[in-house]
Amino acid sequence: MLKILNLNIGRIALLLAIVTWLALLFVDLVRLFGVINQMDTGFSPEITWILQTLFFIMVFLFFHNDIKKNEGISFLDLIWKGVSTGLFAAGITVLVRFFYFLLGNSRLSTDPLLQNFFYHVNFGLSTIFLISVTLIWRQLILYQKDKNVVQQWQAFEIIMLVSMFFVFFNQTTFNYSFIFGLFFIYIFGIILSVNLKWIPYLTFKEKWKSILYLVLILLATGFLFFHTVTQTEQATVVVSLTENLFLLGLFGFVFIYALFSFLVTLFNLPTSSVFEQKLTEAINFQKLSQSIQPGQSENEVLDILMDSCMSAAYVDAAWLELSPLGENPTVIHQRFISEEDRAEVEEQLKNAKPFKDFLIKVEPKPFEHLSGKINHPFYKSALIIPLRVNKEVLGHIYLLKEVKDGFNKEMINIISTFVGQASISVENHRLLSEAIKNERYKEELEIAQRVQRSLLPSVLHKNECFDIAGLSEAADEVGGDYYETFQFTQDRFAIIIGDVSGKGTSAAFNMSQMKGVFHTLVQQDLSPSTFLSQANGALGRCLEKNHFITTTYYVLDTSTKSIIYSRAGHCPTLYYSALQNTCAYLKVDGLGLGILRNSQYSKFIKEKTIQYQPGDIMLMYTDGIVEAKNGEGEEFGFENLQEVLKQNYTLSPENLVKKIMEKVYEFIGTDTMPDDDYSLLIVKFLK
Amino acid sequence: MLQIDKIQENDHTILILSGEVDASNSVDLDNALQAIMEPNKKILLDGSKLQYISSAGLGVFMSYLEEFEAQTIKFVIFGLNQKVYNVFHILGLDQLITIQTTKEKALQEFYEA
């Protein structure tokens, strides 16, 4: 919407400018015709002035709008626009003069109407040229603007606007007030003309070009001014258009700024290469400091580094030797030197002091870098800088120059900065890769966690005679606790609870083996002691030497209300007897699975049978529960567990599990992290 | 935190454990046992300053059982507090390792058996 409006303003302004110019021409020609024929045409000079001012404003609006569309074009292209307008205006003027030259002394050459027509053409072209160039100067002046400059420019615009109307009050040209106004505008123009911040950003070549352009603008301005002045003298002009404060002010301003720019550009030429160098260094530094993007490699950073180092010190040849610890050195980014020459120079450096010592010396190096002269037909001086990543020397940068003492302090400083920055970039890149890798491990661990969760039963077997609930929480992502049930018949069940020594991933693997062993052996409907002996035999072959598993295996028969169990080193079962209202740990001798990996094992496994009553509770748990420590290092302990069960025997197994966990967490407090897996399995007999 | 000290007495070596044995330092215990196993046939372990032993610590003792037997090394633990003893007992290790209440009783295992 706004764009369309902008476009329209430009077009309307152009149209109105043409119309006002034609009107101006018409009015003046009619008036001239009147003067020649001594007739009163009734056109007062004010009409001309109004039209003239309107023309100025329309041209200004048109170019103001036009230049907005071209935002972001280079300085040279911008100036070129001015040059082309100037050349066009001057060209037409030259053609007009040539035309008059051809006419010689013919009648037509003195025809006032024709003269007047060309006078208007010249006026229009000059106005267009001056306003367009003024707006170009505006862009240049306001480059890297601050508040002051903006205010100065705004003031200048207002002054110029006022100067358009000056003619209404003061018709005499070159009287004191006119000259004062002109002087004022020139002084202001000079003040504005010190804003030349765009010049240093031109390259050497661009500066030459801009000097050419500025000369052309100066010539065009001078020529148009000269022509305007001479023409006004020659032509029969009734109402002068060109002896106007605005127009003459613009002539001065355009000329002054062009002159300033020309001189400053000219004087900037010799130092231009230094500025360019610094700018390249700044850009290189920025490139190096940007962390390596995904998909980019360290190599690219090192590539930029080598280029930066070379351009910073005008180096003639260079290479980078990477020598990671324990690996053969590799040469990369070899620049402007043949393989033989490089080998030759390197051989020389490695055998001559002081480079020899510097290269051989491992961390910490005595200096950050070393420069010195070398004996080589081409290369006279060398600089070696170690490249460090994570305080380890990754390799050395070798820089060679064909002149003696080719490396001064400034160059070395800049190169050191580049190397430091590159090191940081490479380091960041490595850290990022590591973080990504860790993230992947984490994902893998999450998968392991999901798999392991699925190893624990979601539904526990039961019948109408008892209720059962279980819970397992791992301290790490994965844990080593295990429980499971199995139903042989309507009345007979197997229950197992186990704890694998250690925790985390290794425990989780052993736990899954345990599950496999359980499912294999449970099918055979073995007695608890036989079950454990066979499990020991199976697991003894696959557990690591110092790993063991503790477990208790129960066979529950609801038809006879009996529990037969054997304990393989697992925490003793806590049993609540409803009849006696007592809580006690079921004692039976046993030995952890995997502790004794021979036939002797079965001798240590005992079997016990108990009869249960309705209301009795069997609480199975892992050592994480009783060994849960609080901030003071105290353990939750067997007594506490006993106490909790005694006070909450009325609860359902599910709620009892919750209650116990609540008590455990209450005990350890919020400041301590669980450092072992917690598991609970509770059976409550209903009838 | 685990501190392991070694005292040579007559022809037996005493290993004194102070602090806690857990997964992070069970390797130290393993190394200490490994180091004194070679020249000694009689090893005494003073556990009176042992506050806690995790399953990883128990695993270390367990892993030496066969070797002790094969090399006819006598290994006796003494002075365990009730809590630590209970850990050995629950696992059943007390049936495989001689555990005595005092140093004197432990020494009797060596010299009066």
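Two strands are taken to pair if DSSP finds at least two bridges between them. In the predicted model described here, strand 11 (residues 574–577) and strand 14 (residues 617–621) of chain A satisfy this criterion, being joined in the antiparallel sense by three bridges. Within this pairing, Leu574(A) is placed opposite Leu619(A) of strand 14 of chain A. Both strands belong to an open sheet of five strands in chain A, arranged in the order 6-15-14-11-12 with antiparallel pairing. The edges of the sheet are formed by strand 6 (466–473) and strand 12 (582–585) of chain A, each of which pairs on one side only. From one strand to the next, the twist averages 15°. Helix 18 (residues 653–668) of chain A lies across strand 6 and strand 15 (678–685) of chain A, and its direction makes an angle of about 145° with strand 15 of chain A.

A further set of pairings in chain A involves strand 1 (residues 317–322). Five of the six residues of strand 1 of chain A are buried, and the strand is therefore largely enclosed by the rest of the structure. Strand 1 of chain A pairs with strand 5 (residues 392–401) of chain A through six bridges in the antiparallel sense; in this pairing, Glu321(A) has His396(A) of strand 5 of chain A as its bridge partner. Strand 1 of chain A is also joined to strand 2 of chain A, again antiparallel, by four bridges. Here the bridge partner of Ala318(A) is Arg335(A) of strand 2 of chain A.

Strand 2 of chain A, which spans residues 330–335, also contains His333(A). The phi angle of His333(A) is positive, near 50°, in a residue other than glycine. His333(A) is partly exposed because 18 other C-beta atoms lie within 10 Å, whereas 20 or more would be required for a residue to count as buried.

Helical packing in chain A is illustrated by helix 13 (residues 409–455) and helix 14 (residues 504–522), which pack at an angle of about 35° with their axes 11 Å apart. The crossing of helix 13 and helix 14 of chain A is left-handed. Helix 13 of chain A contributes Ala448(A), Gln452(A) and Leu455(A) to the contact, while helix 14 of chain A contributes Thr505(A), Ala508(A), Met511(A), Ser512(A) and Lys515(A). By class, the residues in this contact between helix 13 and helix 14 of chain A comprise four nonpolar, three polar and one charged.

Chain B contains four helices and five strands, which follow one another from the N terminus as β-β-α-β-α-β-α-β-α. Of its 113 residues, 34% count as buried. Among the contacts in chain B between residues at least 6 apart in sequence, 70% join residues at least 24 apart. The loop between strand 1 (2–9) and strand 2 (12–21) of chain B includes Asn10(B). Asn10(B) is not a glycine, yet has a positive phi of about 45°. With 9 C-beta neighbours inside 10 Å, Asn10(B) is classed as exposed, since the class applies to residues with 12 or fewer such neighbours.

The two chains also meet in the model: 17 residues of chain A are in contact with 13 residues of chain B. On the side of chain A that touches chain B, seven residues are nonpolar, eight are polar and two are charged.

Methods
Residues are numbered from 1 along each chain as its sequence is written. Chains are lettered from A and ligands numbered from 1 in the order in which they are written. This is a predicted model: local features need pLDDT of at least 70, side-chain atom pairs count only at pLDDT 80 or more; totals for chains, interfaces and linings use all residues. Helices (H or I, at least four residues) and strands (E, at least two) are DSSP runs, numbered from the N terminus. Axes are lines fitted to C-alpha atoms, for helices over the stretch in contact, and angles run from 0 to 180 degrees between N-to-C directions. Two residues are in contact if their C-beta atoms, placed from the backbone, lie within 7 Å. Ala, Val, Leu, Ile, Met, Phe, Trp, Tyr, Cys and Pro count as nonpolar, Asp, Glu, Lys and Arg as charged, and the others, Gly among them, as polar. A crossing is left-handed if the near helix is turned anticlockwise from the far one by less than a right angle, and right-handed if clockwise.
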